[in-house]
Every structure is written in structure tokens, then in C-alpha cells.
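Here's a quick briefing to read with the model open beside you. Take a look at it first, then work through the points below.

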Amino acid sequence: MSEVNKGYFTEENSADVVISRIADSTEPRLAEVISVITKHLHAAVKEIEPTQDEWLTAIKFLTETGHKSDDWRQEYILLSDIFGVSMLVDAINNRKPSGASESTVLGPFHVPDVPELPMGANICLDGKGHPMLIKGRILNTAGEPVANAKIDVWQTNDDGFYDVQQKGIQPDFNLRGVFRTGADGTYHFWGAKPRFYPIPDDGPVGKLLGSLGRHPFRPAHLHYILEADGYETLVTHIFDPDDEYIHSDAVFGVKESLLAKFDLIEDPERIAAEHPGGPFYQVIHDFVLAPDA
Ligand code: BEZ
Ligand code: FE
């Protein structure tokens, strides 16, 4: 900032003047964050050159986003999701060692304290959709089994809704469960083949997506939180690679390493032995946990 302009706000020095006012902050991290945001925000406004009406439209959008938010619906997180910012923050905070499974977004539909189920249980309580066997191993980066790992899993039903979105329609805890690995680190349970579904799009974020020519869909996936003593907690998904939205997830959550294989099992011997009700899908996926930092 030039001596002449010191303290006076001009179009040219706008960011510097605002940043100079926080020089005495006693909270260095906050001051750093606000400085960076101010610098980039002013640069964006200078590049965009909004009209007053456009600026008011932006303010109204943020106001509506706040009004749409409550303890259950977090429209600002959805906004962060569709900008790719949730995935960027996730990537910055989850740089995994080579060989460890990658993370992705938690999403708004996790439920704490879901009852623990015996290994092999069926979490599909509404009987909808194609039955699916999900199995694999929880390993460490040395390839050894992780015993007593907690597997917290949740997915949508065949109509594309989580149980908590359809209270009174779906059974409580439909398509969610907690399992614990034994000494061999293996897991298996039954669910239903997931489907693509829209993120909540009845608010300002959904309207913005529409105006931008973007769809609100997430490709079919299962959510996981994996926890074990001595290991970093892993928040992740597995995705169906054949889903029509696999290359255009509304929240950018797909990573190549998270693609699983969803195989239709039609072999009569396996059907007789494992699922006498008829053909079923199978997905086999191992997760590798990183050691605690
Ligand atoms: C989900 O996968 O549950 C989800 C993630 C981000 C936004 C909305 C839903
Ligand atoms: Fe989801």
C-alpha cells in the first residue's frame, strides 16, 4: 500500500486496506484465514464486476441458504459439497500413506449409536431391491488383518432414500448397521444393491445446480466409517463403477480406488448354498487402514 493512500479505501488498494485493519488481532490463525479470504474475495469481485442487483441476488441466495438450514438440514454443507470444497478439505486432512484406502465425504445421513449386529446379518429391513452380499477384509498397510475393527455402514433403499429421510415409512435402522471383525479381519453382511439418488435439492443449492445445468445425483454407493485401535479412522464409500453418474457425482466424491465390482451371482450352486431366494449381487472389497499418526 502506498504511503499516500494509507488508510483510505480505493478500488485499487481495497484488499490491503481491509487486511491492514486486522494487524492487531490476538488470534493469528483467524487473522491469517480472514486475510486470505479478503484477498481472494476482493480479487473475485474485481474480476466479476457485479452490478448492485447481482450483488443483492448473491446476498439473497446466502440468506435463503441460512433460512433453509437447521439442526437436521445443513444447506451450507451442501453448498460446500457442490463447489467441491468438502472434498478438497477432506483431501487436505486425509493424506494417506501408500496402500491405505482413500477417504471421501461423510454426507449428512450418518446416524450415531446404531446397534451392533452379528457378522452376516441382513441390514435390508424393508425387503426392497436386489439382495446383495458385501464382504472383504480389513487390513493394515502391511497386509495383516485388523481384528476388532468397527465397521459402521449405511446406504439408501431401492427408492433412493436413507431411513432418516423417510421416518415412519422405512423401518428404523433400515440399511445401516455396525459390525466388528474377528481375528481374521474379515467381514460379510447382506444389504441391497444401492441406486443413484439426488442430494437434497428442494432448497437454494438445488436451484443453483439447476440454473448451472448441473444434475443433483450421486452415483450408487455404500458409506463406511471404519475404526480400530491404533489406526486412523477412515470415512469412505464404495461405488458402483457401472452407475450412470459415476463420472459426474454432484459432490465430487468418487475416487478410482473406491470403485468396487458389483457382480450378479446366478450360479445355481452358490444360490442354493448362500441365497436360496434366487440370484443375488456380490461385492467383495478390502479396506486398508493407515496407522495412527
Ligand atoms: C451422501 O452421500 O449421503 C451425501 C453426501 C453429500 C451430500 C448429500 C448426501
Ligand atoms: Fe450417500
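In this predicted model, the iron ion (ligand 2) has as its protein donors Tyr 162 (OH), Tyr 197 (OH), His 221 (NE2) and His 223 (NE2), which sit 1.9 to 2.1 Å from it. Donors here are N, O and S atoms within 2.8 Å of the metal (3.2 Å for Na, K and Ca), with water not among the atoms, so sites may look incomplete.

**The iron site**
- Along the chain, the donors follow the spacing Y-x34-Y-x23-H-x1-H.
- Tyr 162 is in the loop between β2 (150–154) and β3 (176–180), while His 221 is in strand β7 (residues 221–227), so this pair ties together parts 59 residues apart in sequence. Strands are DSSP runs of E, at least two residues, and helices are runs of H or I, at least four, numbered from the N terminus.
- Buried or exposed, where does Tyr 162 fall? Tyr 162 is buried, at 0% relative accessible area, and His 221 is buried too, at 1%. Buried means under 20% relative accessible area, exposed over 50%, and partly exposed in between (1.4 Å probe, protein chains only).

**Two helices that meet**
- Helix α3 (residues 52–68) packs against helix α6 (residues 204–211) at about 135°, with axes 9 Å apart. Axes are lines fitted to C-alpha atoms, for helices over the stretch in contact, and angles run from 0 to 180 degrees between N-to-C directions.
- Contact (heavy atoms within 4.5 Å) involves Phe 61, Glu 64, Thr 65 and Lys 68 of α3, and Pro 204, Val 205, Lys 207 and Leu 208 of α6.

**Small print**
- Residues are numbered from 1 along each chain as its sequence is written, and chains are lettered from A and ligands numbered from 1 in the order written.
- Local features need pLDDT of at least 70, side-chain atom pairs count only at pLDDT 80 or more, and totals for chains, interfaces and linings use all residues, while side-chain values use heavy atoms, leaving out hydrogens and water.
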